[in-house]
Amino acid sequence: MIRWSDRIATGVPKIDVQHKVLIRNFNLLEERINSRTLTYDNLKELLLFLLKYAEWHFGREEECAAEHRCYIAELNRRQHEWYISRFTELYEEFKAVEDWTEERLYEWAATVHKELSEWLLKHVVRTDRHIGVCLGKLKREEVPPPEEKLS
Amino acid sequence: MTEKGWWILVDKDGLIVDGEGKPKEELEYFAAVITFAILSLRKAIWEEMEDTISEISFKVSEKGLIFHILPLEESGLFLITAMPEDMPLGLIRLRTKELYDRAKSMVKSLKPQRKI
Ligand SMILES: [Fe+2]
């Protein structure tokens with residue numbers, strides 16, 4: 001479970017509130033996996049929501065970074081682009097399988113949850129928090145340096 | 001089960017400007033999600049019909065709530081109200097109108113909004 005803390009806050013309210021939505025829904029997915037309440041339908045619905053919400057949120061965040069001419073804007077945009085294309089690829093993979101067994105569904109969901117939520121957490125800490133620096137909400141020394149990697 | 005009513009005034013980023021009736025954290029989450037939903041719906045309607053949404057109403061039966069979403073066009077804000085369905089319709093209208101008028105006068109009195 002990802003717990004909200006200052007370590008992942010950008011200090012920019014509109015960005016933090018949207019990150020909380022993504023985190024809450026990744027946690028919901030984890031909870032459904034752990035409590036064995038996952039179904040094909042609720043997984044599909046949750047993945048689609050997370051994908052669409054991430055897309056929308058990334059757009060808002062990119063506008064904000066560009067508006068403030070933040071040094072992280074271009075890297076942030078490229079990382080978002082990578083994530084959406086990876087997420088879409090996984091979602092397509094999910095829809096393409098016609099004969100999910102329960103065991104395979106749980107296994108696939110756990111792997112995908114790990115990959116997508118870990119990326120998000122790393123991205124928030126190493127990239128998005130620099131937007132907080134640009135907007136004067138965080139000090140540069142409080143934030144680990146950005147990583148050029150997309151994945 | 002019928003829940004007590006609540007309302008929020010949100011901006012286009014999903015941030016709460018005002019509201020009451022539920023713990024802050026729950027209102028915040030709802031505001032962030034529903035703003036995304038409203039803007040997506042509005043985009044779809046615009047692309048399909050070249051028109052804008054003036055009001056959205058729906059019912060959440062299990063919680064016994066009737067929702068109204070009213071945009072305050074000039075400000076880009078939305079008023080979202082959730083009223084118990086066992087409340088007389090006239091009273092729901094009255095209460096919604098009251099909140100809408102209050103939000104409108106509040107918007108008027110707001111200084112030009114900061115970007116963040
Ligand atoms: Fe980002």
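Where in chain A does A:Arg69 lie? I begin with that residue, and I should say at once that what we are looking at is a predicted model. A:Arg69 lies in the loop between helix 2, residues 40–67, and helix 3 of chain A, and with a relative accessibility of 75% this arginine counts as exposed. What draws attention to A:Arg69 is its backbone, since phi is positive there, at about 45 degrees, although the residue is not a glycine. Most residues other than glycine have a negative phi. Chain B offers another case, B:Glu50, which is not a glycine either and has a positive phi of about 50 degrees. B:Glu50 is found in the loop between helix 1 and strand 3, residues 56–60, of chain B, and its relative accessibility of 62% puts it in the exposed class.

Let me go on from that loop in chain A into helix 3, which covers residues 73–96. Helix 3 packs with helix 4, residues 102–134, also of chain A, at an angle of about 170 degrees and with the axes 11 Å apart. An angle over 145 degrees counts as roughly antiparallel, so that is how helix 3 of chain A runs relative to helix 4 of chain A. The residues of this contact divide into 12 nonpolar, five polar and four charged. On the helix 3 side they include A:Trp82, A:Tyr83, A:Phe87 and A:Leu90, and among those on the helix 4 side are A:Trp108, A:Leu116, A:Trp119 and A:Leu120.

Next, the aromatic residues, for which a search of the whole structure finds 18 pairs over all chains. One pair is A:Tyr83 with A:Phe87, whose ring centres are 6.0 Å apart and whose planes stand at 75 degrees, so the pair is edge-to-face. These two residues are four apart in helix 3 of chain A, which means that about one helical turn separates them. Both are buried, A:Tyr83 with a relative accessible area of 2% and A:Phe87 at 1% relative accessibility. In chain B, by contrast, B:Phe58 and B:Phe67 form a stacked pair, 4.8 Å from centre to centre with 5 degrees between the planes. Here B:Phe58 is partly exposed at 30%, whereas B:Phe67 is buried at 4%. Ring pairs also link A:Tyr40, A:Tyr91, A:Phe94, A:Trp100 and A:Trp108 into a cluster, and over the ring of A:Trp100 sits the charged end of A:Arg104, 5.3 Å from the ring centre.

Finally, I turn to helix 1 of chain A, residues 13–34, where A:Leu22 has its place. Is A:Leu22 buried or exposed? At 1% relative accessibility A:Leu22 counts as buried, and, leaving aside residues up to four places away in sequence, it touches A:Leu50, A:Tyr53, A:Ala54, A:His57 and A:Leu120.

Helix 1 of chain A also meets helix 1 of chain B, residues 24–49, with axes that come within 9 Å and cross at roughly 95 degrees, so the two helices are roughly perpendicular. The residues that make this contact are A:Val17, A:Lys20, A:Val21, A:Arg24 and A:Asn25 on one side, and B:Glu28, B:Tyr29, B:Ala32 and B:Val33 on the other. By class, that gives five nonpolar, one polar and three charged residues. Between the chains, A:Arg24 lies over the face of B:Tyr29, at 3.6 Å from the ring centre.

Notes: Residues are numbered from 1 along each chain as its sequence is written. Chains are lettered from A and ligands numbered from 1 in the order in which they are written. This is a predicted model: local features need pLDDT of at least 70, side-chain atom pairs count only at pLDDT 80 or more; totals for chains, interfaces and linings use all residues. Side-chain values use heavy atoms; hydrogens and water are left out. Axes are lines fitted to C-alpha atoms, for helices over the stretch in contact, and angles run from 0 to 180 degrees between N-to-C directions. Angles under 35 degrees count as roughly parallel, over 145 as roughly antiparallel, 65 to 115 as roughly perpendicular and the rest as oblique. Contact means heavy atoms within 4.5 Å. Ala, Val, Leu, Ile, Met, Phe, Trp, Tyr, Cys and Pro count as nonpolar, Asp, Glu, Lys and Arg as charged, and the others, Gly among them, as polar. Rings of Phe, Tyr and Trp (its six-membered ring) pair if their centres lie within 6.5 Å; planes under 30 degrees apart count as stacked, over 60 as edge-to-face and the rest as tilted. Buried means under 20% relative accessible area, exposed over 50%, partly exposed in between (1.4 Å probe, protein chains only). A charge sits over a ring if NZ of Lys or CZ of Arg is within 6 Å of the ring centre and within 35 degrees of the ring normal.
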